[in-house]
Amino acid sequence: MQRPARSSPQVLTAGSIQVFDSLSGELLPLPCSLGEAGQLELRLYVCGVTPYDTGHMGHAFTFLSFDVLVRWAEANGIRVRYVQNVTDVDDPLFERARRDGVDWQELGGRETGRLLRDMELLGWRAPDHMPMVSGEMDRIIEAVERLAGLGCAYQTDRVYFPVRSYPGYGELSKLTRLAMTRKLSSEGLLGEVGPDAKRDPLDFPLWRPSDPGEPAWPSAFGPGRPGWHIECSAMAMHYLGEQVDVHGGGRDLRYSHHESERAQSETLTGVAPFARAWMHVGMVSFAGHKMSKSLGNLVVVEDVLARFPPAAVRLYLASHHYRRDWSFTWEGLEAASRLCSRLAHLLGSEPNQGAEWGAGEPAQGELEGAFGRALDHDLDTAAARGVLRRAVSQGARESARWMTSILCGSAALR
Ligand code: ZN
């Protein structure tokens with residue numbers, strides 16, 4: 001099969017905002033589309049969670065990094081259409097439901113509710129759509145059927161996507177076939193190769209039979225449930241169109257999830273690129289290891305919010321550039337909390353007599369210019385937070401209020 005040839009119709013960009021694209025390895029002007037009313041529109045898709053457990057600071061860092069992007073784009077007059085999925089049909093969720101003796105849908109609904117509560121407290125601008133896999137099954141099945149119709153799927157024990165049909169497989173993650181195989185193996189996703197299984201170790205399932213006790217949906221391939229990656233292709237295309245401007249997620253998703261999503265999406269539509277920019281957020285560790293359920297070193301958002309004001313948590317997250325890996329410490333959060341107290345004091349103070357928005361603060365232009373340049377340069381929230389700190393020190397109340405609305409959204413200061 002030939003590489004998709006049809007290219008983007010018209011790529012628009014948003015003024016001076018630049019973001020780092022993982023595929024090209026370069027800073028790009030923020031790509032945008034033309035909205036229905038003729039305005040610039042950012043079509044943003046971010047991979048969400050499997051809702052089986054309480055949200056941790058790694059999730060919060062990913063979603064709130066994109067919240068700053070959303071708010072900065074909107075502050076620049078760009079309309080944002082933001083979609084974030086909920087993977088409520090997934091192995092870990094079924095395992096947890098079995099362990100706890102609860103219905104999988106009840107568990108998924110409850111944990112999604114907790115995520116939303118956390119994120120609302122942390123002041124995010126909620127996505128326009130948060131589709132759940134269980135509610136999108138018709139279009140997911142249709143996507144698998146279309147791939148099969150194109151000759152880009154084969155059925156043995158499962159229905160697989162043959163990665164050799166997509167010549168660019170591996171370009172996004174920049175991994176060799178051996179490195180990809182090893183990663184699949186380390187994650188328990190390698191499966192079997194053979195006449196009744198995969199033809200190539202890197203082929204990934206589009207559709208699979210459900211195990212006993214798991215939900216199953218009827219399809220042309222027999223009853224079952226989707227593989228992991230196809231859901232995001234189907235949902236992104238349904239809510240945002242054949243191409244998205246920015247596709248985001250944690251860096252751990254670059255391979256295999258995003259690599260596979262890119263391959264099957266461009267194969268489905270014949271349109272390349274599926275995403276005009278891929279933005280990946282760094283990993284958060286705690287006590288020397290990446291935060292993960294299996295290592296038992298999660299710092300849970302609910303626990304953090306029980307001890308600190310939401311805006312302090314946001315200021316702490318914002319002190320790390322989104323692409324870097326970093327280590328959570330309670331001391332770091334305490335330092336952010338001190339800045340938050342000073343900010344609350346400043347913003348709660350009485351305005352100077354006669355001072356209005358945009359007037360009476362001589363440093364305002366310089367401070368806001370520096371803040372904007374920091375965010376324009378690949379969303380450098382750490383530098384932007386430094387400018388906010390200066391604004392607080394100088395008592396530049398209105399500038400500080402504006403910067404806070406971008407870095408902390410609607411999170412409460414106390
Ligand atoms: Zn995804």
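**Notebook: strand E3 and its surroundings**

I started with the hairpin: strand E2 (residues 26–34) and E3 pair in the antiparallel sense, over two bridges. This is a predicted model, so I keep in mind that what I note on local features rests on a pLDDT of at least 70.

I looked up one of the pairs and found that Leu34 has Leu40 in E3 as its bridge partner. Five residues sit between E2 and E3 in the hairpin, and in the turn Gly38 has a positive phi of about 85°.

**E3 and its other partners**

Next I asked which strands E3 runs parallel to. One is strand E4 (residues 79–84), joined to E3 over six bridges in the parallel sense. I checked Val46 and got Gln84 in E4 as its bridge partner. The other is strand E9 (residues 244–250), which is parallel to E3 and joined to it by three bridges. There, Tyr45 stands opposite His247 of E9.

I also looked at the connection from E3 to E4. With helix H1 (residues 57–75), these two strands make a right-handed β-α-β unit.

Is E3 (residues 40–46) buried or exposed? Mostly covered: seven of its seven residues are buried. I then split E3 by face. Leu40, Leu42, Leu44 and Val46 lie on one side, with Glu41, Arg43 and Tyr45 on the other, and every one of these is buried. I note that Glu41 and Arg43 are on that buried list too.

**Helix H6**

I moved on to helix H6 (residues 230–240). Ten of its eleven residues are buried, so the rest of the structure largely encloses it. The buried set runs Ile230, Glu231, Cys232, Ser233, Ala234, Met235, Ala236, Met237, Tyr239 and Leu240. Just past the end of H6, Gly241 takes a positive phi of about 105°.

**The small sheet**

I pulled up the open sheet of three strands: the order is E12-E11-E13 and the pairing is mixed. Why do E12 (289–290) and E13 (326–327) each have a side without a neighbour in the sheet? Both stand at the edges with a single partner strand, so one side of each is left free of a neighbour there. For the pairing itself, strand E11 (residues 284–286) runs parallel to E13, over two bridges. Val284 has Trp326 of E13 as its bridge partner.

**Domains**

I checked the domain assignment: it gives domain 1 as 12–284 and domain 2 as 308–407. Their centres, taken over C-alpha atoms, are separated by 32 Å. The contact takes 23 residues from domain 1 and 19 residues from domain 2. On the domain 1 side, strand E1 (12–21) and H1 are the elements that give two or more residues. H1 gives the most there, with ten residues. So much for the elements; by residue class, that side of domain 1 divides into 17 nonpolar, five polar and one charged.

**Whole chain**

Last, the overall numbers. I count 13 helices and 13 strands in the secondary structure. A compact globule of 414 residues would have a radius of gyration near 22 Å, and the protein has 22 Å, so the two agree. Along the principal axes, the C-alpha atoms fill a box of roughly 80 × 50 × 35 Å. Buried residues come to 47% of the 414 residues. I also looked at contacts between residues at least 6 apart in sequence: 75% of them join residues at least 24 apart.

Note on methods
Residues are numbered from 1 along each chain as its sequence is written. This is a predicted model: local features need pLDDT of at least 70, side-chain atom pairs count only at pLDDT 80 or more; totals for chains, interfaces and linings use all residues. Two strands pair if DSSP finds at least two bridges between them. Helices (H or I, at least four residues) and strands (E, at least two) are DSSP runs, numbered from the N terminus. A residue is buried if 20 or more other C-beta atoms lie within 10 Å of its own, exposed if 12 or fewer, and partly exposed in between; C-beta atoms are placed from the backbone. A crossover is right-handed if, with the strands pointing away from the viewer, the path from the first strand over the helix to the second runs clockwise. Domain bounds come from an automatic or database domain assignment. Two residues are in contact if their C-beta atoms, placed from the backbone, lie within 7 Å. Ala, Val, Leu, Ile, Met, Phe, Trp, Tyr, Cys and Pro count as nonpolar, Asp, Glu, Lys and Arg as charged, and the others, Gly among them, as polar. The radius of gyration is taken over C-alpha atoms; the globule rule is 2.2 Å times the number of residues to the power 0.38.
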